[in-house]
Amino acid sequence: MTLLVHSIGLAIRTRLIPFSSFRCSMRLALALLALVAVASAQTNDYDFGGYSTDDYNGVSASPSPIDNYCACTPKQIYLDIVFIVDSSADMTSRTVGDRLKIKNAGFPQNEKCFVQATATIQSTLLGLTFGTQLYQSQVAVLAFGDKVQTVKNFGDLRNENDIFTMNIPYLGGKATKMTDAIQQASSMISTNEREFTRGVIVLLSKSFNQLDATNLKEASDAFQYDGGIFITIDYSKGGIRGLADIATTGYYINDASSKPDSLNADIIYAFCDANCFCADGLYPYNLADRTTGREVPMGCYHVADVAAVYNAAEQNCKGQKGFVATIHDNDKSFFMMSIFPPKARFWLGLKRVGSDFVWADGITVRIYFFQVSEGQEYWAPGNPVAAQDCVYGQQQQGFNASWFSAPCTDPLKNSMGYACQLRPCDTEYDCSIPE
């Protein structure tokens, strides 16, 4: 069971429109709620709180909506990406891929000089679609050593020919301008101001100036605070702690530890995860990939401003292309409690259909009384009650919540809060379209 670090019923509320003005705000200004959960590898193989549509006390008659969350279609990735290449003496011309320097140094022209930095970028870019529209990415490239040089600006890369004629210069000298390069990349992304588009910086290096560690961390943190994702590609064999420290959690990739044929795939998957996010004003329920540690939202939650009977709540959520939020484990239960006031009642997406209870995400509960792994029973004593076909949750002692059955259409006694569970923006879903 995933261990979450919780902080007295508080949830992080992210704002992602536009990303240049992204700010993390809290529902209450007392502490942060860290929503860190364990999930499995890429390609939608996340462990949704420890259940599957086959074995969680029931079966699914059809694919669950959550199966499509954070889809990865590389050609439809839409990000603003700046590659920053360490072009100092620490990387060498052969690592950077400067053809002119290699030729002048006497290396044969057929030297596989693009196997590393330049080849990494070129191979990755072939998987993307360039442009400024939905499902299109914009890409820029910077090089740095003891100065920063713009190799390609946004809009310069438009097709395959632009990719293969790109030459990243070998600048030599010491890698003293890494912080400046990060700040320049961040500025390029923030001034680009594409709505519903996340900014990503990819730093390719095999060195880290420990004397400048504080400034590097501050520059990286500032970019991430504004909603960006910071990826580091470490070309050193042993791995450099500093490069890992400045990367967004889970977005540090060590070239030496990657299989030779997987580095570009690793970057593309990182782009797909970066391209999965919640729209402005929604609460993300983040799960962390078991292998990479990257957090992605397994649902974005819109808390209704006014109470409603269940059937009205159900229709409202359907109108937003979602459903009344479901709960399948203690972590999700705590998350749900954190987005409602203490002791508040809130509808669950669970409704009796015939002799079974059916979740709004497609799971059919075959038994009335079931327990989570810690042995806690969800149903409150005496529940469910016959002829009361809907279910609400309510915080009890501490951080425990119990479930109670209730009539689905009783505005006098059973009009209560609810949250709609919505699909995140991803490479196959445009969540910016007004409902």
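Which strands does helix α8 (residues 263-274) lie across? In this predicted model, the answer is β5 (79-86), β8 (198-205), β9 (229-234) and β10, and the helix runs at about 170° to β9. The close-ups below start there.

**View 1. Helix α8 sits across an open sheet of 6 strands.** Reading across the sheet, the strand order is β7-β6-β5-β8-β9-β10, with mixed pairing. β7 (148-152) and β10 (252-254) are the edge strands: each has a single partner, so one side of each has no neighbour in the sheet. Going from one strand to the next, the twist averages 20°.

**View 2. Here is the β7 end of that sheet, where β6 meets β7.** Strand β6 (residues 138-144) pairs with β7 in the antiparallel sense, over 4 bridges. Look for Phe-144, which stands opposite Val-148 in β7. As general background, strands of a sheet pair through backbone hydrogen bonds, either parallel or antiparallel.

**View 3. Helix α3 packs against α8.** The axis of α3 (residues 117-125) is 9 Å from that of α8, and the packing angle is about 55°. Angles that are neither under 35 degrees, over 145, nor 65 to 115 count as oblique, and α3 and α8 are therefore oblique to each other. The crossing of α3 past α8 is right-handed. On the α3 side, the contact involves Ala-119, Thr-120, Ser-123 and Thr-124. They meet Leu-263, Asn-264, Ile-267, Ile-268 and Phe-271 of α8.

**View 4. α5 and α6 make another helix pair.** Helix α5 (residues 178-192) and helix α6 (residues 213-225) have axes that come within 9 Å and cross at roughly 10°. The two are therefore roughly parallel to each other. From α5, the contact uses Met-178, Thr-179, Ile-182, Gln-183, Ser-186 and Ile-189. From α6 come Asn-215, Leu-216, Ala-219, Ser-220 and Phe-223.

**View 5. Helix α9 has buried residues on one side.** Which residues of α9 (residues 310-319) are buried? Tyr-310, Ala-313, Glu-314 and Cys-317 are. They span an arc of only 100° around the axis, which puts them on the same side of α9. That fits a general rule: an α-helix has 3.6 residues a turn, so residues three or four places apart point the same way. The buried residues of α9 pack against four strand segments: β13 (323-324), β14 (345-353), β17 (390-395) and β19 (419-422). After the helix comes Lys-321, with a positive phi near 65°.

**View 6. Strand β14 pairs with both β17 and β15.** β14 and β17 run antiparallel and are joined by 4 bridges. One pair to find is Trp-347 with its bridge partner Tyr-392 in β17. β14 also runs antiparallel to strand β15 (residues 356-359), again with 4 bridges. There, Lys-351 has Val-358 as its bridge partner. β14 and β15 form a hairpin with 2 residues between them, and Gly-354 in the turn has a positive phi of about 65°.

**View 7. Cys-300 is a buried residue in strand β12.** Cys-300 belongs to β12 (residues 295-303). Buried means under 20% relative accessible area, and Cys-300 counts as buried because its relative accessibility is 1%. Leaving aside residues up to four places away in sequence, Cys-300 touches Phe-277, Cys-278, Leu-282, Tyr-283, Cys-420, Gln-421, Leu-422 and Pro-424. The C-alpha atoms of Cys-300 and Gly-322 are 9.5 Å apart, while 22 residues separate the two along the chain.

Technical notes: Residues numbered from 1 in each chain as written. Predicted model: local features only at pLDDT ≥ 70, side-chain atom pairs only at ≥ 80, totals over all residues. Heavy atoms only, no water. Buried < 20%, exposed > 50% of the residue type's maximum accessible area, 1.4 Å probe, protein only. Arc of directions from axis to C-beta. Contact = heavy atoms within 4.5 Å. Pairing = 2+ DSSP bridges. Axes fitted to C-alpha atoms, helices over the stretch in contact; angles between N-to-C directions. Left-handed = near helix turned anticlockwise from the far one by under 90°.
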